[in-house]
Amino acid sequence: MMKWIIRLSILILIILFVKSIMYDLTVGTLTSPSAVEAENENNEGDVQPLDEEIMKTENETENEVERYDHITYEVEAGDTVLSVIEDLNEHMSELSITTIIEDFEALNPAVDPHQIKVGTTYKFPIYK
């Protein structure tokens, strides 16, 4: 009796395996590129409205402003953005150079941080 149960179980497993292969070959379980495009078109309504994105950007800017104050400083010969900011801030090791440059660019939008000029006054971040 036990042999029949084992044989019947094996037969059921084989039938399920063949059935799943047939389903995969005929219908497919992977998404085709056209199905992905159709899904993307259906999800276009899920895009955040522009107003929400603007509000998020304004909030991020407010957070950045809270992260540091600024001071105006006239650049002298030999100064670089990093050297001036290092002189003005004691705890520089916590900040990445990329962050420092981005903060300088945010304070001086029309200025290339690699092209500051001697005798010109710029805004430099003072980190809290």
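## Reading a predicted chain, feature by feature

The protein chain exposes about 10,300 Å², and carbon and sulfur atoms supply 58% of it; such areas come from the Shrake-Rupley method with a 1.4 Å probe, and for residues only the protein chains shown count as cover.

User: Before we start, what kind of model is this, and how are its residues numbered?

Analyst: This is a predicted model, in which local features need pLDDT of at least 70 and side-chain atom pairs count only at pLDDT 80 or more, while totals for chains, interfaces and linings use all residues. Residues are numbered from 1 along each chain as its sequence is written, and side-chain values use heavy atoms, with hydrogens and water left out.

User: Thanks! How many helices and strands does the protein chain have?

Analyst: Helices (H or I, at least four residues) and strands (E, at least two) are DSSP runs, numbered from the N terminus. Here there are five helices and two strands, and reading along the sequence gives the pattern α-α-α-β-α-α-β.

User: How do I read burial, and what share of the residues counts as buried?

Analyst: Buried means under 20% relative accessible area, exposed over 50%, and partly exposed in between (1.4 Å probe, protein chains only). Of the 128 residues in the protein chain, 16% count as buried. Helix α4 (residues 81-88) is a good place to look: its buried residues are V81, S83, V84 and I85. Their cover includes β1 (68-74), α5 and β2.

User: Which residues of the largest nonpolar core touch the most other members?

Analyst: The general idea is that in soluble globular proteins, nonpolar side chains tend to be buried together. A nonpolar core is a set of buried Ala, Val, Leu, Ile, Met, Phe, Trp, Tyr and Cys residues joined through side-chain atoms within 4.5 Å. The largest one here has 14 residues, and V81, I85, F104, I116, Y122 and F124 touch the most other members. Helices α4 and α5 and strand β2 each supply at least two residues of this core, with the largest share, four residues, coming from α5.

User: Could you follow I85 outward? What is it in contact with, beyond its neighbours within four places in sequence?

Analyst: Contact means heavy atoms within 4.5 Å. Leaving those neighbours aside, I85 is in contact with M92, I100, F124, P125 and Y127. Let's try a residue of helix α5 as well: I101 is placed there, and it counts as buried because its relative accessibility is 15%. With the same kind of neighbours left out, I101 touches V81 and P113.

User: And Y73, where does that sit?

Analyst: Y73 lies in strand β1 and is partly exposed, with a relative accessible area of 23%. Apart from neighbours within four places in sequence, Y73 is in contact with D79, V84, T120, T121, Y122 and F124. Y73 and F124 are 51 residues apart along the chain, yet their C-alpha atoms are separated by 7.0 Å.

User: Which side chain does Y73 join through a polar contact?

Analyst: A polar contact is a pair of N or O atoms within 3.5 Å; within protein, one must be able to donate a hydrogen and the other to accept it, and residues adjacent in sequence count only if both atoms are side-chain atoms. The side chain of Y73 joins that of D79 at 3.0 Å. There is another case at N108, in the loop between α5 (97-107) and β2 (121-127): its side chain reaches the backbone oxygen of K123 at 2.7 Å. N108 counts as buried because its relative accessibility is 8%.

User: How many salt bridges does the structure hold?

Analyst: Side chains of opposite charge can pair when their charged atoms come close. A salt bridge is a side-chain nitrogen of Lys or Arg within 4 Å of a carboxyl oxygen of Asp or Glu. The structure holds one: K128 and D69 meet at 3.8 Å, N to O. The pair links distant parts of the chain, with K128 in the segment after β2 and D69 in strand β1, 59 residues apart. K128 is exposed, at 59% relative accessible area, whereas D69 is partly exposed, at 43%.
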